[in-house]
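Good morning, colleagues. Please take a moment with the sequence and the structure, and then I shall take you through several parts of the fold in turn.

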Amino acid sequence: MMRMILFGPPGAGKGTYASRLSTVLGIPHISTGDIVREEIKAHTQLGEKIRAYSEKGELVPDDIILELLKRRLNKPDCEEGFILDGFPRTISQAEALDQIFNLNLVINLNVSDKIVMQRLSNRLICDTCGAIYNKLTLKPREESVCDKCGGRLSQRKDDAPDVIQERLDIYRRRTKPLIIHYTNKGVLRNVFCEDLMIPPESVVDEIRSIVDHVRNATCL
Ligand code: AP5
């Protein structure tokens, strides 16, 4: 059993590392950002309601995001654990999660604003399977084409420079205080990613050894 969070500012690499860790650890990667974007793409009533928040880089209201997350966590593939990416983002979301589960581990990805800006302004996402690329650091084999499924790659609407700045401000005001919440619970471990070109596999290996250590220490 491993219930863990990948925590960090926008562009820290949460999605990049969580998708790889999911394969290595055999537990699902659950990104509330992906859930929000899927809901918008499907043009559901809820999707239309949350579109503006996501595109402006603002947080979707807690009650909506919690409902979406609970729906996902109730699926059978979460029974052996999960990797959360993008949740929680506010103290009230963290408190709601505490009511449902005991978490085993929170990985806090430490990255500077300068690297975040470089990463996000060069990020490409596959419109079909959601795989993440980067024009500087993780280029697809063929320009604008997904290596995995052949889908078209495009930039996210919220990766425009003014929206990135807004997301960073919101992270500092509303999400960063959670570091204290999880430090006090004794589950937070820091990982530092200050090198723009560090291969994702090196960071994944570091997180993997923390997971193994926590599992051995707590007999999970
Ligand atoms: P979300 O999708 O969660 O956005 P975010 O937290 O801002 O995170 P990002 O997806 O931008 O960054 P990331 O850390 O996953 O970085 P990535 O791996 O792509 O949320 C979007 C929106 O949904 C929110 O603004 C909000 O409206 C809503 N929402 C979601 N959750 C919510 C919640 N709980 N409450 C309320 N609203 C919510 O990496 C970035 C780039 O760097 C990529 O190009 C990648 O290829 C590259 N890269 C990263 N690491 C490396 C590396 N080691 N080497 C080479 N390239 C790398």
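I begin with helix H4, where Ile-64, Ile-65, Leu-66, Leu-68, Leu-69, Arg-72 and Leu-73 are buried. Please bear in mind that this is a predicted model. The buried residues of H4 pack against two strands, S2 (29–31) and S3 (81–85), and against the helices H2, H3 and H5, the last of these covering 91–100. As for geometry, H4 comprises 12 residues, 62–73, and at 1.5 Å a residue these should span 16 Å. The end C-alpha atoms of H4 are 16 Å apart, so the expected and modelled values agree.

Next, the loop between S3 and H5, which is where Thr-90 lies. Is Thr-90 buried or exposed? Its relative accessibility is 4%, and Thr-90 therefore counts as buried, the limit being under 20%. Which residues are in contact with Thr-90, leaving aside its neighbours within four places in sequence? They are Leu-59, Asp-62, Arg-174 and Leu-178. Of these, Asp-62 belongs to H4, which covers residues 62–73. Arg-174 is 84 residues from Thr-90 along the chain, yet the C-alpha atoms of the two are separated by 5.6 Å.

A second loop, between strand S7 (153–154) and helix H7 (161–175), holds Arg-156. Arg-156 has a relative accessible area of 17% and so is buried by that same limit of under 20%. The side chain of Arg-156 makes a polar contact, at 3.0 Å, with the side chain of Asp-158. Beyond its neighbours within four places in sequence, Arg-156 is in contact with three further arginines, Arg-37, Arg-123 and Arg-167, and with Ile-125.

Two of those arginines lead us to the ligand. Arg-123 and Arg-167 are among the residues that come nearest to the ligand, together with Thr-16, Glu-58 and Arg-89, out of 37 residues around it. By class, this shell has 16 nonpolar, 12 polar and 9 charged residues.

Now for individual atoms. A backbone N or O atom of Gly-11 lies 2.9 Å from an oxygen atom of the ligand. A polar backbone atom of Gly-86 is 2.9 Å from a ligand nitrogen atom, and a polar side-chain atom of Thr-137 lies 2.7 Å from a nitrogen atom of the ligand. Taken alone, the ligand exposes 1000 Å², of which the protein buries 98%. Elements giving two or more residues to the shell include helix H6 (113–121) and strand S6 (132–134), while H1 gives the most, with 4 residues.

Key: Residues numbered from 1 in each chain as written. Predicted model: local features only at pLDDT ≥ 70, side-chain atom pairs only at ≥ 80, totals over all residues. Heavy atoms only, no water. Near = heavy atom within 4 Å. Polar contact = N/O pair within 3.5 Å; in protein donor to acceptor, adjacent residues only side chain to side chain. Areas by Shrake-Rupley, 256 points an atom, 1.4 Å probe, with all protein chains shown as cover. Nonpolar A, V, L, I, M, F, W, Y, C, P; charged D, E, K, R; others polar. Expected span 1.5 Å × (residues − 1). Buried < 20%, exposed > 50% of the residue type's maximum accessible area, 1.4 Å probe, protein only. Contact = heavy atoms within 4.5 Å.
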